[in-house]
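Colleague: Could you take a close look at one part of this model for me, the place where two of its chains meet? Take your time over it, and add whatever else helps to set it in context.

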Protein chains: 4
Amino acid sequence: MEVCLLEHTPEPDSLIAAAARICYSDVAARDLREREVGRLSVRLLKDLWRSGHHSPFEHASFTFGVDGLSRVTSHQLVRHRLASFSQQSQRYVKMDRAEVVTPPSIASDVEAYTLFREQSLAAYETYKSLVAMGIPAEDARFILPHGWETRLVLTMNARELHHFFDLRLCRRAQWEIRELARLMLGECRKAAPVTFDLAGPSCVRTGRCLESRPCGDPYKNMEDLLATDKKQANQNQAE
Amino acid sequence: MEVCLLEHTPEPDSLIAAAARICYSDVAARDLREREVGRLSVRLLKDLWRSGHHSPFEHASFTFGVDGLSRVTSHQLVRHRLASFSQQSQRYVKMDRAEVVTPPSIASDVEAYTLFREQSLAAYETYKSLVAMGIPAEDARFILPHGWETRLVLTMNARELHHFFDLRLCRRAQWEIRELARLMLGECRKAAPVTFDLAGPSCVRTGRCLESRPCGDPYKNMEDLLATDKKQANQNQAE
Amino acid sequence: MEVCLLEHTPEPDSLIAAAARICYSDVAARDLREREVGRLSVRLLKDLWRSGHHSPFEHASFTFGVDGLSRVTSHQLVRHRLASFSQQSQRYVKMDRAEVVTPPSIASDVEAYTLFREQSLAAYETYKSLVAMGIPAEDARFILPHGWETRLVLTMNARELHHFFDLRLCRRAQWEIRELARLMLGECRKAAPVTFDLAGPSCVRTGRCLESRPCGDPYKNMEDLLATDKKQANQNQAE
Amino acid sequence: MEVCLLEHTPEPDSLIAAAARICYSDVAARDLREREVGRLSVRLLKDLWRSGHHSPFEHASFTFGVDGLSRVTSHQLVRHRLASFSQQSQRYVKMDRAEVVTPPSIASDVEAYTLFREQSLAAYETYKSLVAMGIPAEDARFILPHGWETRLVLTMNARELHHFFDLRLCRRAQWEIRELARLMLGECRKAAPVTFDLAGPSCVRTGRCLESRPCGDPYKNMEDLLATDKKQANQNQAE
């Protein structure tokens, strides 16, 4: 999977702080063009988030390009309704390479991987035969594996991204959407360091787990989260 | 595919008319408990819809149960963001029957059907083998065909349903979501006849097609739409 | 202020439990028509809510009629975006009675009340003079007090209602929207006792306050919340 | 009223075209970083919009600062739910200047204006007296005129902006929100000329009026709209 930040609202931290200031002080909207993020803004953003005043975080929006995600996971991803998606259509674009995402649990088991790979290729052969027989691509795709790769452009604002990172970086989240979230968070932290220093699953943000069935191995902090998952990702790639 | 209307806001036509009345006349909200739909309300609802005052239609909500929809189509369905979905999880529920939706274009071609069916069963065998080898069900499902059946509960309000029917009853929509829309519209017309007498693709509603690439065979009217698709559906079922 | 529950999805507790069951078990959607809420459902709904699986609560929707709310507060109310509103228009309906909501802090102070009342009447006289001079009602209303009464129909689903009650029943919320929330919660608890037994501000739900500037006087429990506010409301009415 | 574009997604036209391309062609998401808008993109954006494929327009977002809008109109503005708002609070910020928006119909009539102005000042005096008597600002504001000025930061994406311009630039829309829409459209046309060349009320976009009660004087084209309203705005300012 590959994730890139295509575009984002310029100066997100500073814009969010400015929007918050208009709510609680006597400053003109036109004067918000000139602004800076200093210590006060860092404090302001943290206070806002912690006290539940999340709406100013909606003004900054982030657009990502994602390649090599499975359709299993894109199905789950598009359940986030406060977001915008443009996804490669399997109705209009014919599949012309055998591209299936292999889950790490399968990639790391030779026997399972062999089975999985053979079956993927057989499904792709059937797809091609059906298309050759005149079946429309939009119908032939019913036989492709659910793990087939897709690509998409997705936009979320910083508030929804926080919500996304809260849910999807939890160890109990499905591994692929967790990896997507980790890569997106990396990009976000470069573009808006103050805003996304506050993001993460509840174990990282608050030290407490809110899941009814905890994973039993909460992240110690953000570094732990990023390091652990990077190691896991490298492992996956190696196999 | 099977669709049933599980619950809906009682007396939808009358509630929508009442909500519209509060906007434009001097009537107390508490007096809206007693109300009736007569000729004036039919006229009122039609005028509202045609002049683009659609917000009163949001007060009536409809909850459907859907069985036997493919995950190809549920992926498309959940792109409707002004809606609520509860869908059977393939993470937590193990698949224990070989259930794939067969597109009509495949069902009606013996050779294609044979190929499709064999591949579906082979994919299911691989799924079971992977699970037996200790691969988690949530990973093994990557090999299941995308046309695998799912079930879900879905809620939309009458405004979003109109939007859904507009898009998804068009002949250029994918056949399975079109069939879903037709079955949902049938249920809606029983529960709220005035509200849904106004629904349908633009050819039915206005006599004009707005697609850039028209199908060339617009529906003449609602009866044509319901009859045509019913015939097609019966055909599908027969095969 | 007067609040009535105009309509709601029938059997909300049972519908929400059914929608949750389809996610995590192998039950057909069509079989959800027959269902009951027993002990297991109470437990299920509580577990769902507490572990953050809130989406099944969206299937049940509640439509309220509200009379005698100020436009100060309706402005705040319509900021809830996952909701539907039909509000009396001041563009199309001429105001023909001097109806202003009096805040309790003013109602309980004779001098303040006299000033407030005189000014309200003077503003209304100006409104009538402007209309008599040919100024359109939609422009003359600019002079009416912001506390002018309005009426509206509002629909929210159970998930958004929980969010609304969480925010708006907090003692730091503005008094009028807090009173609205209290009256709405009363109606909801009759219609869906299990679902709304879980609602309230964080002090009531969890025993912890999450505000950055706590009120210092958290509610002890739901009874305390309902009793305290009822007393306050009676007091307001008496004056 | 003053409107400024505080920030927007960089290169909106090009980003929207790129997002559309991923849906219908075999291009990698990572390759969308390099892109250009040429003739084909202009054609692509127009085709997308006209054929109702509006979702790619959601990826570009625009954040405005607005000063000097009445609370009458901000109440109407925040009814747009697919948008983000941060508005000056009258609970936390004390009003310390008599600032009321004067509708043109009043500004252009000496007698009406005198009445309106006197009443505004009297209301403001009452507000100050109430605050001096110890009434909280959040309650004293109930007596301020509904036309009181507010300021806010607002973000909408290009799809919602199209919807906003469609509704709010119609001559039947209220004059102040129409003026706001005109100023916003001016900013948008500079930042994303292709995208917003397609915007406007239905008379401008399609030559047809869809209102049930047409104004009888549809705009001939975009230039007519901008010129007419500019003249009207100058007139208003002169008075």
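Modeller: Let's go straight to chains B and C: in this predicted model, 41 residues of chain B are in contact with 41 residues of chain C. On the chain B side, the elements that put in two or more residues are strand 1 (2-8), helix 1 (12-24), strand 2 (61-70), strand 3 (84-87) and strand 4 (149-157). Helix 1 of chain B gives the largest share of that side, six residues. Sort the chain B side by class and you get 18 nonpolar, 14 polar and nine charged residues.

Now for how the two chains sit relative to each other. Chain B superposes on chain C by a rotation of 180°, with 0.0 Å of shift along the axis and an RMSD of 0.0 Å. That is why the two copies can be described as related by a two-fold rotation axis. Which residue of chain B comes closest to the rotation axis? That would be B:Thr9, with its C-alpha at 2.4 Å. Both copies use the same surface here, as 100% of the contact residues of chain B recur in chain C.

Chains D and A deserve a look as well. There, 41 residues of chain D are in contact with 41 residues of chain A. At least two residues each on the chain D side come from strand 1 (2-8), helix 1 (12-24), strand 2 (61-70), strand 3 (84-87) and strand 4 (149-157) of chain D. Helix 1 of chain D gives the most to that side, with six residues. By class, the chain D side has 18 nonpolar, 14 polar and nine charged residues. A turn of 180° and a shift of 0.0 Å along the axis lay chain D on chain A, with an RMSD of 0.0 Å. In chain D, the C-alpha nearest that axis belongs to D:Thr9, 2.4 Å away from it. Again the same surface serves both copies, with 100% of the contact residues of chain D recurring in chain A.

For the fold behind this, take chain A. It holds 11 helices and four strands, and its C-alpha trace spans about 70 × 40 × 30 Å along the principal axes. Of the 239 residues in chain A, 48% are buried. If you take the contacts in chain A between residues at least 6 apart in sequence, 75% join residues at least 24 apart.

One helix of chain A brings chain B into the picture, and that is helix 5 (residues 110-132). Helix 5 of chain A has 23 residues and reaches 33 Å from its first C-alpha to its last, close to the 33 Å expected at 1.5 Å a residue. Its buried residues include A:Ala112, A:Leu115, A:Phe116, A:Gln119 and A:Ser120, and further along A:Ala123, A:Tyr124, A:Thr126, A:Tyr127 and A:Leu130. What covers these buried residues includes helix 4 (104-107) and helix 6 (137-140) of chain A, together with helix 4 (104-107) and helix 5 (110-132) of chain B. After helix 5 of chain A comes A:Gly134, whose phi is positive, near 100°.

Technical notes. Residues are numbered from 1 along each chain as its sequence is written. Chains are lettered from A and ligands numbered from 1 in the order in which they are written. This is a predicted model: local features need pLDDT of at least 70, side-chain atom pairs count only at pLDDT 80 or more; totals for chains, interfaces and linings use all residues. A residue is buried if 20 or more other C-beta atoms lie within 10 Å of its own, exposed if 12 or fewer, and partly exposed in between; C-beta atoms are placed from the backbone. Two residues are in contact if their C-beta atoms, placed from the backbone, lie within 7 Å. Ala, Val, Leu, Ile, Met, Phe, Trp, Tyr, Cys and Pro count as nonpolar, Asp, Glu, Lys and Arg as charged, and the others, Gly among them, as polar. The expected span of a helix is 1.5 Å times one less than its number of residues. Copies are superposed by least squares on the C-alpha atoms of residues with pLDDT of at least 70 in both.
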